[in-house]
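Here's a quick walk through the packing inside a protein: its cores, its rings and its voids. Pull up the coordinates and follow along.

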Amino acid sequence: MRLTISLAALALAIMPMAVQAQDGDKKKDEALAAEAGVPAPNVSVTHHKGVFGGKAISYTATTGETYLKDKDGKPLAAIYATAYVKDGGDKKRPITFLYNGGPGSGSLWLHMGAFGPKRVVLPDAQDDGAPPYPLVDNAESLLDVTDLVFIDPVGTGFSHAIGKKDPKDYWGVSADAKSIADYIRLWLNENGRWSSPKYIGGESYGTTRSVALINELEGSYNDVAVNGIILISSILDFGASAEVQGNEMPYILNLPSMATTAWYHKKMGNPPATVAEAAQQARAFAIGPYAAALLKGNQLSDQERASVRTELARLTGLSEQFVDHAELRISPGRFYKELLRDRGVSIGRLDTRYTGKDYDAAGEEPDNDPSFYAIDGAYTAAMNSYARDELKYKTDRSYVTIGGVSGWDWKLQGQRGRDSEVYASVAPYLSKALRENSGLKVFVGQGWYDFATPFFGAEYAMSRTGFDPARIQYHYYDAGHMMYVRPDDLRKLSADIRAFISQR
């Protein structure tokens, strides 16, 4: 009994000391910020309740800035993020860090469209029109199984460089990943979450960021071990995807997406019953007769050319004459314009289910991407309204939705020489992480109708030597790049990731 009382007394004595230490750190940060001529970080804390995954959750939302500093404590950049933490102080609860891509995109897409506690409602595969845009409780948020932190890298969202710091210092594959790794370490420090299961995830270039980030988190002596990586609409191997003359790989990797799109729009010749079957037919042809024909170049015989031309036309829904004029090499831009030219519309890039009207029907490529301009207004309005009104974040800054960076540095840390600069791939970082962290697993979510990051490109990048296929899960969705714009696929994506996090 005396021991129990003594321990309790000791705990009571230590608690004020811990609080004092935190207050001291906060005052030190404020003093250093003032010395640098900048205000203290702008932060808002609010409290909420919701039902997610069928469970009632009380949670605290902390939205605002965290300063990245130099070795002397001088603030260099403000990272804007929104953290949702379940009340109760469970330090062993999973935490998931999420962001989008671009490079140069804020996290609003995953935040307001997929996993945040609120989401904006849009018509599927149609233009979002003009406001107001409904903002509703998001029952598919992952807050029942994990705390969530949505991060906007420097130059996106409300994140920005401070003072004379050049924001371009953060604009590169390695520099960007390092800044997010620094932020994650600071967040773990401030919230006492080093022992929590940790997940990182992104969409589009955010998948590139995730893989560069795992190298920053686990590739040094100050390791942050990660339980899982969530890759939504993956792009890891930029060399294989480079659309330059002489590189045949993009045609091979894009073909299955052309086939699924032709199947969707009822243009595919002799179509199978399902989109998955259409994809598999195209995969087999792409890595077989088609790849062989492209590699033979002008050594291809007339008989082989005719055979390949016929099957390529069937799979893509294009005429044999068009395929022949394109020398069996169909660029995505031409495909977007040509597939439904007879209907007077072009198709989307992010999601080929979307169609749009161009200035005229005679062009070689679309005027714009109807699957982007159909959603951007609603997401931008939703993010600004939600952050400023419900989360009580007050700022004069404009939220940078996308396009806030330039001059991206594609050189990769630890990969040297001329060839590594012209063939950029972060995939080796991921295979290394899988080999060196036996508890790491990977979730890969791909839309059948995504041309920005084709599903066959993701499969190719993660099927190279050095990868453990047993720890990579593939999931496919009946939509495009942002599959969660389709309500059924939002539910499926949420359930798939919920299971991925829960199955430890």
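Are Tyr84 and Phe150 buried or exposed? Both are buried. Keep in mind that this is a predicted model.

## Rings that meet across the chain

Tyr84 and Phe150 are also partners: they form an edge-to-face aromatic pair, with 6.1 Å centre to centre and 75° between the planes. Tyr84 sits in strand S3 (residues 75-86) and Phe150 in strand S7 (residues 147-152), so their pairing ties together parts that are 66 residues apart in sequence. The two rings have company, too, as Phe52, Tyr59, Tyr84 and Phe150 make up one aromatic cluster.

Next up is a tilted pair, Phe158 with Tyr393, at 5.5 Å centre to centre and 35° between the planes. This one links distant parts of the chain, 235 residues apart. Phe158 is in the loop between S7 and strand S8 (160-161), while Tyr393 is in the loop between helix H12 (376-390) and helix H13 (418-422). Phe158 and Tyr393 are buried. If you want to go hunting for others, the structure holds 22 aromatic pairs.

## Charges over ring faces

Two basic side chains are worth a look here. Arg283 lies over the face of Tyr476, at 5.9 Å from the ring centre. Lys441 does likewise with Phe500, at 4.6 Å from the ring centre.

## Two nonpolar cores

Which residues touch the most other members of the largest nonpolar core? They are Ile151, Ile184, Ile200 and Leu430, in a core of 51 residues. Helix H3 (residues 173-191) provides the largest share of this core, eight residues. There's also a second, separate core of 49 residues, and among its members are Tyr84, Val120, Ile375 and Met482.

Back to Leu430, and to what it touches once neighbours within four places in sequence are left aside. Leu430 is then in contact with Val211, Ile229, Leu231, Leu236, Val442, Met462 and Phe467.

## Holes in the packing

How many cavities of 30 Å³ or more does the structure hold? There are two. The largest cavity has about 50 Å³ of space.

Its lining is made up of Leu350, Asp351, Tyr354, Ser371, Ile375, His481, Met482 and Val485. Two of those names should ring a bell: Ile375 and Met482 line the largest cavity, and they also belong to the second core.

How values were computed
Residues are numbered from 1 along each chain as its sequence is written. This is a predicted model: local features need pLDDT of at least 70, side-chain atom pairs count only at pLDDT 80 or more; totals for chains, interfaces and linings use all residues. Side-chain values use heavy atoms; hydrogens and water are left out. A nonpolar core is a set of buried Ala, Val, Leu, Ile, Met, Phe, Trp, Tyr and Cys residues joined through side-chain atoms within 4.5 Å. Buried means under 20% relative accessible area, exposed over 50%, partly exposed in between (1.4 Å probe, protein chains only). Helices (H or I, at least four residues) and strands (E, at least two) are DSSP runs, numbered from the N terminus. Contact means heavy atoms within 4.5 Å. Rings of Phe, Tyr and Trp (its six-membered ring) pair if their centres lie within 6.5 Å; planes under 30 degrees apart count as stacked, over 60 as edge-to-face and the rest as tilted. A charge sits over a ring if NZ of Lys or CZ of Arg is within 6 Å of the ring centre and within 35 degrees of the ring normal. On a 1 Å grid over the protein atoms alone, a cavity is a set of points where a 1.4 Å probe fits but cannot get out, and a pocket is an open set with protein on both sides within 12 Å along at least five of seven lines; lining residues have an atom within 4 Å of a point. Grid points are joined across faces, edges and corners, and a volume is the space filled by probe spheres set on the points.
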